[in-house]
Amino acid sequence: MDRLVKRKDFLAAASALRANSGPLLLQGRDRADQAPARIGLTVTKKHGNAVERNRIRRRLRAAVRDALPRAAQDGFDYVIVARRAALGTPFSALIHDIERGIARLHSGSRRPPKPARADAAQRPPRADGEPLP
């Protein structure tokens, strides 16, 4: 299992395909090559202290080792953004959620990336004349 380690790779995956799958958000990007799939894991600070975040990461790494050979396609980068529910989800369900999320990325039933926010100066003013936040 190859890992994503550079920030630019995480950002590229974040701006590509997305699919929600239970306690995870999967992001994927087609690199257009035949190299093995790479995986990146993200657990934000709002999901607990360092001990809890590391437990989530360890569970995800183990689940990815099991699910990636069956579900992943060569030439893709995958980023898994974990939610706190990943800590309490049964391990078999976590594997199933990863496989289902990757299948959604490749099937086309996925959420497109969010559009960039327009500049506040270009937005119409509110009724009281102030610009929108």
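Ser92 and Ser107 are exposed, and they sit on the face of helix H3 turned away from its buried side. Keep in mind that this is a predicted model. Overall, the protein has 133 residues, and 34% of them are buried. Below is a quick tour of H3, the overall layout, the salt bridges and the largest pocket.

**Helix H3**

- What does the buried side of H3 consist of? Leu94, Ile95, Asp97, Ile98, Gly101, Ile102 and Leu105 are the buried residues here.
- Looking down the axis of H3, you find those buried residues within an arc of 160 degrees, so they line one face of the helix.
- The length of H3 checks out too: with 17 residues at 1.5 Å a residue, the helix should span 24 Å, and its end C-alpha atoms are indeed 24 Å apart.
- H3 covers residues 91-107, and it holds both Asp97 and Arg100, which are 3 residues apart, or about one turn of the helix.
- Asp97 and Arg100 pair up through their side chains in a salt bridge, at 3.1 Å from N to O.
- The two partners sit in unlike surroundings: Asp97 counts as buried at 8% relative accessibility, while Arg100, at 31%, counts as partly exposed.

**Overall layout**

- The protein contains 3 helices and 5 strands.
- Reading from the N terminus, the order of elements is β-α-β-β-β-α-β-α.

**Salt bridges**

- Side chains of opposite charge can pair when their charged atoms come close.
- How many salt bridges does the structure hold? The count is 9.
- One of them joins Asp9 to Arg38, with 3.7 Å between the closest N and O atoms.
- Asp9 belongs to helix H1 (residues 7-14) and Arg38 to strand S4, so this pair ties together parts that lie 29 residues apart in sequence.
- Are Asp9 and Arg38 buried or exposed? Both of them are buried.
- Asp9 and Arg38 also belong to a network of salt bridges, where they are linked with Arg29, Arg31, Asp33 and Asp77.
- Over in helix H2, Arg70 makes a salt bridge with Asp66, and the closest N and O atoms are 3.3 Å apart.
- Arg70 and Asp66 are 4 residues apart in H2, which puts about one helical turn between them.
- Arg70 is exposed, with a relative accessible area of 53%, whereas Asp66 counts as partly exposed at 35% relative accessibility.

**The largest pocket**

- Rolling a probe the size of a water molecule over the atoms shows where empty space is left.
- The largest pocket has about 180 Å³ of space.
- Which residues line the largest pocket? They are Met1, Arg3, Leu4, Phe10, Ile39, Gly40, Leu41, Arg57 and Arg61.
- By class, that lining breaks down into 5 nonpolar, 3 charged and 1 polar residue.
- Two elements, strand S4 (38-42) and helix H2 (50-71), each supply at least two residues of the lining.
- Which element gives the most to this lining? That would be S4, with 3 residues.
- S4 therefore turns up twice in this briefing: Arg38 in S4 pairs with Asp9 of H1, and S4 gives the most to the lining of the largest pocket.

Terms used. Residues are numbered from 1 along each chain as its sequence is written. This is a predicted model: local features need pLDDT of at least 70, side-chain atom pairs count only at pLDDT 80 or more; totals for chains, interfaces and linings use all residues. Side-chain values use heavy atoms; hydrogens and water are left out. On a 1 Å grid over the protein atoms alone, a cavity is a set of points where a 1.4 Å probe fits but cannot get out, and a pocket is an open set with protein on both sides within 12 Å along at least five of seven lines; lining residues have an atom within 4 Å of a point. Grid points are joined across faces, edges and corners, and a volume is the space filled by probe spheres set on the points. Ala, Val, Leu, Ile, Met, Phe, Trp, Tyr, Cys and Pro count as nonpolar, Asp, Glu, Lys and Arg as charged, and the others, Gly among them, as polar. A salt bridge is a side-chain nitrogen of Lys or Arg within 4 Å of a carboxyl oxygen of Asp or Glu. Buried means under 20% relative accessible area, exposed over 50%, partly exposed in between (1.4 Å probe, protein chains only). The expected span of a helix is 1.5 Å times one less than its number of residues. The arc is that of the directions from the helix axis to the C-beta atoms.
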